[in-house]
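Hi,

Here is the structure I said I would pass on. Have a look at it first, and then read my notes below.

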Amino acid sequence: MKQTTNHESQITNHKVAIIGLGYVGLPLAHAFAEKYEVVGFDISQKRIEELNNAVDSTHELTSDQLKSVLPKFNSSLKTQNSKLTQPNFLHLTSHSEDIASANIFIVTVPTPIDKFKIPDLTPLIKASETVGKVLKPNDIVIYESTVYPGCTEEDCVPILEKASGLKYITTDTNHEPRITGHGTKNYASRITHHGFFVGYSPERINPGDKKHTVKDIKKVVSGSTPEITDFIDELYASIITAGTHKAASIKVAEAAKVIENTQRDINIAFVNELAMIFNKLGINTKDVLEAAGTKWNFLPFKPGLVGGHCIGVDPYYLAYKAQHIGHHPEMILAGRRINDNMGMYVANNVVKLMIQKGMKVKGANVLVLGITFKENCPDIRNSRVIDVVRELEDFGCNVDVTDPHADPDEVKSEYNINLVSHSELVSESDVPHRSRNKFGMTDHSTAQPLNDSTNTPPNQYTNTPITNYDSVVLAVAHDEFKQLNSTLSHSHSFSRNNMVIYDIKSIFEDSDGKL
Ligand SMILES: NC(=O)c1ccc[n+]([C@@H]2O[C@H](COP(=O)([O-])OP(=O)(O)OC[C@H]3O[C@@H](n4cnc5c(N)ncnc54)[C@H](O)[C@@H]3O)[C@@H](O)[C@H]2O)c1
């Protein structure tokens, strides 16, 4: 059990504000709220409303987890006049003035790229303005958003200074103004009455992953002075069970985060390139990776589309900074180029396979399984599945997309696609004798046996809409799609000449093509 230190006793007197309650900010706000008084701020009124009703559309927190920290669901957290009395609760708000009483501000807003693949710092700048307006002497602002090395101190700190009228306190000799420390580890002794401190602690969560949650992942921390680094370290150590790592500086912590995802991007680009080579050689990539993987130091990366707003975006932040200082990043951008073109590669292969089977491409009906950027996660932002869809449409195909995890309204507004629901895919009247699995597809465990003489299933089954598609492309390995394995291999086996199944994630036993 950890000893209580001076820092911790100071921490308990602090109020934490989390700015941006998305995939990163919400689980963090919840973890802090189990111990401290926390105010969670988001500019989206809709997001605050859903969270206040104990609903998290990102599926990172369960309703019970939310209820456990929301005063509305805990009468013990309220006094008679509804004022909150206990420190451990989460107050949610879309009004920026509500964060004014906090003295530790943690920024977890998005850091996207624009259409030219240049970092778009707008949310970070706006959040810094919001915090700057309420900043008080000795407050600490900790950034968690993924950025390039230097962004916190070069781009965000000047905004905090301008909006607050306060000076940035740092011992970094490269940064002016500079207020040096006195060698003490006591944060309280650093009171200057005119300055604020800054830290950077990158988030490493993996959305949809219930095994590695915020508390189970070691946290890198850094601060603008050694004392503030210690303080931030103590703050996170009090909620992160996996422990913390003190980085040598804010820039080091920023660089560490951005290279984690860049390394992953380059490794996936490598196996994507291998997949293209092996496809030409007629070798199964999965078999090759399986064989190579028997060596202890072979890294287990798989080919696929690289989307989302981390791995497919962060390398552009590093590349931008590199170019800014006159270095052209060859390998980082080569990896990005390969991964960004995988959607087009997949679509071209699907069309090639259709032509090889004598199928007409123009007007063909194609079903794409999955639109989210990764499996079992509702996040559709920067999903590269859209590249497959658009390329197939350019060939003249009619493309339907289905995804049990994605929000149909979000898909419509982001990509102008009307998701096909599972009920549209398989209508109950088409297959009266079969039960449905979770996804709504025919469950073959209860299906009638195939006709022995013709090896075809009964007629009603061949009429199910899924078999009416000329091609099915498995794009995302959602658990629900894994259950389709038998459905598709049956459809495929009796329509081998007029159906193409392309399996990007190699989850089906039977397919015409895979990466
Ligand atoms: N999602 C991940 O897998 C992941 C993992 C590690 C790090 N990160 C990084 O963490 C950061 C946040 O990512 P995310 O996935 O949580 O984003 P997100 O889009 O899920 O959530 C961001 C939230 O911030 C809100 N917001 C935007 N601008 C705001 C502002 N000015 N003030 C207050 N709220 C604002 C949005 O309404 C949204 O609810 C990004 O830099 C990302 O790269 C993400």
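Start with H309: one of its polar side-chain atoms lies 3.3 Å from an oxygen atom of the ligand. Keep in mind as you read that this is a predicted model. T111 also reaches the ligand through its side chain, where an N or O atom is 2.5 Å from a ligand oxygen. Y23 does it with its backbone instead, an N or O atom there lying 3.1 Å from an oxygen atom of the ligand. In all, 26 residues surround the ligand, and the ones that come nearest are V24, D42, T111, H309 and R381.

Now for the chain as a whole. The protein chain has 515 residues, and 53% of them count as buried. You will find 18 helices and 14 strands in it. If you take the contacts with a separation of 6 or more, 70% are between residues 24 or more positions apart.

Two sheets are worth tracing on screen. One is an open sheet of seven strands, and going across it you meet β3-β2-β1-β4-β5-β7-β6, with parallel pairing. Its edges are β3 (89-93) and β6 (167-168); each has a single partner strand, so one side of each has no neighbour in the sheet. Helix α2 (residues 25-33) packs on this sheet, where it touches β1 (15-19), β2 (37-41), β3 and β4 (104-107), and its direction makes about 170° with that of β1.

Towards the β6 edge, have a look at β7. Two bridges join β6 to β7, and these strands run parallel; K167 is opposite G195 there. With β5 (residues 140-143), β7 (residues 195-200) shares four bridges, again parallel. Along that pairing I140 stands opposite F197, and V141 has V198 as its bridge partner.

So is β7 buried or exposed? Six of its six residues are buried, so β7 is largely enclosed by the rest of the structure. You can check this face by face: G195, F197 and G199 are buried on one side, and F196, V198 and Y200 are buried on the other.

Helix α5 (residues 122-134) is another one to look at. Its 13 residues reach 19 Å from first C-alpha to last, close to the 18 Å expected at 1.5 Å a residue. Its buried residues are L124, A127, S128, T130, V131, G132 and V134. An α-helix has 3.6 residues a turn, so residues three or four places apart point the same way. That is handy to remember when you look down the helix. And what covers those buried residues of α5? The cover includes β1, β2, β4, β5 and α6 (151-164).

The other sheet is open too, with five strands in the order β11-β10-β12-β13-β14 and parallel pairing. Here β11 (398-402) and β14 (513-514) are at the edges with a single partner strand each, so one side of each is left without a neighbour in the sheet. Within this sheet, β12 (residues 471-474) and β13 (residues 500-503) pair in the parallel sense over four bridges, and S471 stands opposite V500. Helix α12 (residues 342-356) lies across β12, β13 and β14, at about 155° to β13.

Cheers

Definitions and conventions: Residues numbered from 1 in each chain as written. Predicted model: local features only at pLDDT ≥ 70, side-chain atom pairs only at ≥ 80, totals over all residues. Heavy atoms only, no water. Pairing = 2+ DSSP bridges. Contact = heavy atoms within 4.5 Å. Axes fitted to C-alpha atoms, helices over the stretch in contact; angles between N-to-C directions. Expected span 1.5 Å × (residues − 1). Buried < 20%, exposed > 50% of the residue type's maximum accessible area, 1.4 Å probe, protein only. Near = heavy atom within 4 Å. Polar contact = N/O pair within 3.5 Å; in protein donor to acceptor, adjacent residues only side chain to side chain.
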